Amino acid sequence: MTLYVFSAWMLALLFAAVVGSWHGADTVVALPAFVAATGLLVLVLARRLPWYVGAPHRPEANAQQVQWAGQLCHNISSPSVTIQGQQITFANQAFLALLNYRGQADQVVGLPFTNLLHPVDHGRFAALLARAGNADAADADDVLRLVRSDGSALKMRASLSPLSSVPGSLLIQFSPDATMTPARDAPEGAMTSLLDQLDLVLFHADAEGRIVYVNRAWERLTGRSLADSRGRPLSVALHPEDRDAVDKSLAALAGGQSDHLGTEVRMVNGGGTVFWVLLRAQGCIEPGGDLVGVLGTLTEVTRRRRGEDMGSSRRYLNTLLANVPGMVYRGRNDPDWTMEFVSDGSMDLIGYEPWELVDNHRIAFGSLIHPDDREFVWAQVQANLAQHKPYQISYRIADVSGNYLWVWEQGRGVFSSQDELLAIEGFITNVSERRGAEEKARRRMWFEARTGMTSRAIFDALLAWTLHQSQIGGPPFALLWVDVSGLSSAVSVRGSEVAEQVLASGVAGPGSLAGEAAAEQVLATVARRFRPVNYPGAAVSYLDNYQFVVLLTDFRAGETARALAGSNELIPAVSQLAGRLVQELSAPLSIGGREVSVPVAVGIALSDQRYIGAEAMLGAARRAATQAAELGPGHCEFADE
């Protein structure tokens with residue numbers, strides 16, 4: 001306001017000076033002087049008027065004054081706080097106990113007082129502050145709802161009093177709201193009668209945990225009379241295993257060490273039946289702030305707890321079934337194998353959701369079984385059900401894409417007390433990988449028997465023994481890695497063409513089988529070309545993907561074996577044999593009526609002390625073969641490690 005008046009005055013002086021300059025030299029001085037004198041006169045007269053109120057000077061309270069205010073609040077028996085502005089500077093013990101902050105003054109002091117007020121009363125508190133700032137603060141009291149530490153609201157009457165000796169400070173005292181106290185003319189018996197009609201057990205226990213009051217619901221819950229229960233510890237009605245814990249918790253409430261209690265405990269009624277109750281309790285505080293025991297409630301929760309236990313068991317079972325690598329089922333014994341229950345494992349197993357299989361909603365499980373296996377599955381299951389024995393069976397089943405996979409099933413019948421078959425239950429899991437490994441092993445044995453080659457297991461043992469003998473003074477030897485893997489792409493192309501031709505002709509089985517047969521025939525033809533090293537002083541084994549290994553201990557094919565004098569004889573002898581082998585293998589092959597060249601690369605590793613074991617020597621020969629292949633078909637390279 002002062003800035004506004006000063007600005008207006010300066011503008012008036014400037015205006016007077018400008019206007020005065022229009023009327024001559026005398027006016028340019030007289031007019032501004034007149035405006036200045038008039039403004040000073042108005043200001044003097046305004047300060048003398050009764051409605052003028054100057055800006056009050058409110059000095060801030062010092063530390064000694066704040067300490068005095070806190071001591072004053074401490075000596076008041078009713079719940080009280082002092083605030084500076086809206087910040088709490090002190091709270092007495094009665095106030096802390098009222099809001100369940102006993103022993104936690106440091107968490108209250110320094111907070112804005114509105115943090116302890118219910119949000120709906122913030123406006124009412126602001127009005128109280130405005131009224132307390134007036135000269136007449138006799139009416140600065142109203143009902144406010146305080147918020148306890150547990151979040152519950154407490155309606156109290158608040159009175160605000162300015163502390164004249166502490167500038168800017170207010171003392172707030174709280175007392176119970178008169179509207180919340182029971183009418184004095186209401187008979188005590190009527191209130192007791194109302195409480196006795198509740199199904200909720202209400203109790204009041206003293207500092208030692210003895211029952212001072214309990215309503216009639218106690219008799220209905222525990223089967224114990226009110227007369228026998230009053231004066232006895234509350235824990236007498238509890239299960240022996242829960243008594244000590246409850247006694248300690250109630251003592252902590254009565255002593256002010258804790259604010260509230262909420263726990264589920266077991267009780268034993270007069271007939272010896274055990275049941276569960278929810279015990280809630282808190283300290284009983286008089287208006288003066290003194291603790292006079294414990295108030296609490298008891299609610300039976302046996303049925304809810306049993307429901308939670310059953311729900312937990314169901315969740316455990318569902319989690320268990322979801323993690324089983326397969327499908328758990330319950331179904332009817334009919335040709336469609338109609339399902340009544342299917343676990344979520346059906347998605348991972350065959351790609352169908354459980355609801356699609358239950359009651360044949362989308363597809364019958366029996367229709368997914370391979371046509372060649374359906375009669376076999378039915379006969380096996382029926383034979384075991386007739387003897388009340390569990391069954392184990394392996395068969396093929398189609399997934400959602402129509403591809404067949406091998407599964408293994410274990411199940412058994414569910415029979416009634418009259419020996420009537422009610423359902424079948426079991427478990428199905430994917431065993432395609434195991435079947436594939438078995439089939440691969442069978443074909444490998446067939447191939448080795450057909451070509452006369454050494455099995456991989458025997459070859460590895462023979463190589464390890466030969467390397468060991470050479471390193472302790474035995475004769476030298478050589479290991480050849482023969483790589484014709486470049487042939488695989490040509491075989492794949494021609495095999496696909498053969499398969500398409502077979503499918504078009506319609507005179508054979510699945511085209512993929514025809515393609516596999518063609519690939520096996522080519523591999524057997526290549527294996528028979530190892531004639532240059534097919535004698536007692538050599539061993540040949542097939543690894544995979546058209547790659548072979550040859551162990552040479554005799555370097556004169558068809559002649560009597562002899563030990564070489566040294567490495568100067570070893571290298572020429574090995575090179576000669578490797579060259580003959582490359583020449584034999586490189587001859588073109590006829591695949592599907594078309595001539596295909598055979599790219600051959602050979603890596604050679606000679607026996608040496610540097611090889612720690614058979615795998616190290618095999619690795620050296622493989623790397624030498626890779627180097628030979630990079631140089632082009634028909635090359636041989638020695639390991640240079």
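This passage walks through one sheet of the predicted model and the helix that packs on it.

The sheet is an open one built from five strands, and reading across it gives the order E12-E11-E15-E14-E13, with antiparallel pairing. Strand E12 (339-342) and E13 sit at the edges; each has a single partner strand, so one side of each lacks a neighbour in the sheet. On average, neighbouring strands here are turned by 30 degrees against each other, if direction is ignored.

Edge position aside, E13 (residues 391-398) is mostly covered, with six of its eight residues buried. Its partner is E14 (residues 404-415), which runs antiparallel to E13 and is joined to it by eight bridges. One of the residues involved is Gln392, whose bridge partner in E14 is Gln410. The two strands make up a hairpin, with five residues between E13 and E14. In that turn, Gly402 shows a positive phi of about 90 degrees.

Moving inward along the strand order, E14 also pairs with strand E15 (residues 421-430), again in the antiparallel sense, this time over nine bridges. Here Val414 has Ala423 of E15 as its bridge partner. As for side chains, those of a regular strand alternate between the two faces of the sheet.

Then there is the helix. H14 (residues 374-386) packs on the sheet and touches E13, E14 and E15. The direction of H14 makes about 160 degrees with that of E13. E13 is thus a strand with E14 as its pairing partner and H14 in contact with it.

Methods: Residues numbered from 1 in each chain as written. Predicted model: local features only at pLDDT ≥ 70, side-chain atom pairs only at ≥ 80, totals over all residues. Heavy atoms only, no water. Buried < 20%, exposed > 50% of the residue type's maximum accessible area, 1.4 Å probe, protein only. Helix = DSSP H or I, 4+ residues; strand = E, 2+ residues; numbered from the N terminus. Pairing = 2+ DSSP bridges. Axes fitted to C-alpha atoms, helices over the stretch in contact; angles between N-to-C directions. Contact = heavy atoms within 4.5 Å.
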